[in-house]
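Let's take a walk through this fold together. Have the sequence and the 3D view open, and follow along.

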Amino acid sequence: MKRIEHYIAIYDICNNAQRKWYNSATRRRGRISRILLEWGIRTQRSVFEIVVPPKDLPKLLARVKRFLRENDDKFYLYPLDKRSVQNTKRFGKEIAILQDIFI
């Protein structure tokens, strides 16, 4: 069985203005994006294509989880098998970079 290494990571950090941690949401958002940039590239503001070896996945998830507020924030990690990665169609600005990293 082949191990999954490619993922799409998506996060949504709550910006609840009624709460006192409004500014901390911006900091947490920045910290999570910097963690994900260590593993791949940003495809949209809160969407990343990352490559994580199976042995490092628990470490990545633990680091991200430290900055999430369970009752307000969301984080999704979608696995991509090799066939999905090869069949992905990419258009636009960073195609060459993506193809070098992910294919």
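What follows goes from the overall layout to the sheet, and then to the core.

A quick word on ground rules: this is a predicted model, in which local features need pLDDT of at least 70 and side-chain atom pairs count only at pLDDT 80 or more, while totals for chains, interfaces and linings use all residues. Residues are numbered from 1 along each chain as its sequence is written, and side-chain values use heavy atoms, with hydrogens and water left out.

Start with the parts list. The protein chain has 4 helices and 4 strands, and from the N terminus they come in the order β-α-β-β-α-β-α-α. Helices here are DSSP runs of H or I with at least four residues, strands are runs of E with at least two, and both are numbered from the N terminus.

Now look at the sheet. Its 4 strands line up as 2-3-1-4, in an open sheet with antiparallel pairing; two strands count as paired if DSSP finds at least two bridges between them. Out at the edges sit strand 2 (40-44) and strand 4 (74-80), each pairing on one side only. On average, neighbouring strands are turned by 25° against each other, direction ignored. Such angles use lines fitted to C-alpha atoms, for helices over the stretch in contact, and run from 0 to 180 degrees between N-to-C directions.

Zoom in on strand 3 and its partners. Strand 1 (residues 6-12) and strand 3 (residues 47-51) share 5 bridges, with I10 opposite V47. Helix 2 (residues 57-65) packs on this sheet, touching strand 1, strand 3 and strand 4, and its direction makes about 160° with that of strand 4. Strand 2 pairs with strand 3 over 4 bridges. In strand 3, F48 is what R42 stands opposite, and a hairpin of 2 residues joins strand 2 to strand 3.

So what fills the inside? The largest nonpolar core has 17 residues, and Y11, I32, L36, I50, V52, L60 and V64 have the most contacts inside it. Such a core is a set of buried Ala, Val, Leu, Ile, Met, Phe, Trp, Tyr and Cys residues joined through side-chain atoms within 4.5 Å, where buried means under 20% relative accessible area with a 1.4 Å probe, protein chains only. Strand 1, helix 1 (22-37), strand 3 and helix 2 each give two or more residues to this core, and helix 1 gives the most, with 4. Try clicking on L60: leaving out residues up to four places away in sequence, L60 touches I35, L36, W39, I50 and V52, contact meaning heavy atoms within 4.5 Å.

Terms used: Buried < 20%, exposed > 50% of the residue type's maximum accessible area, 1.4 Å probe, protein only.
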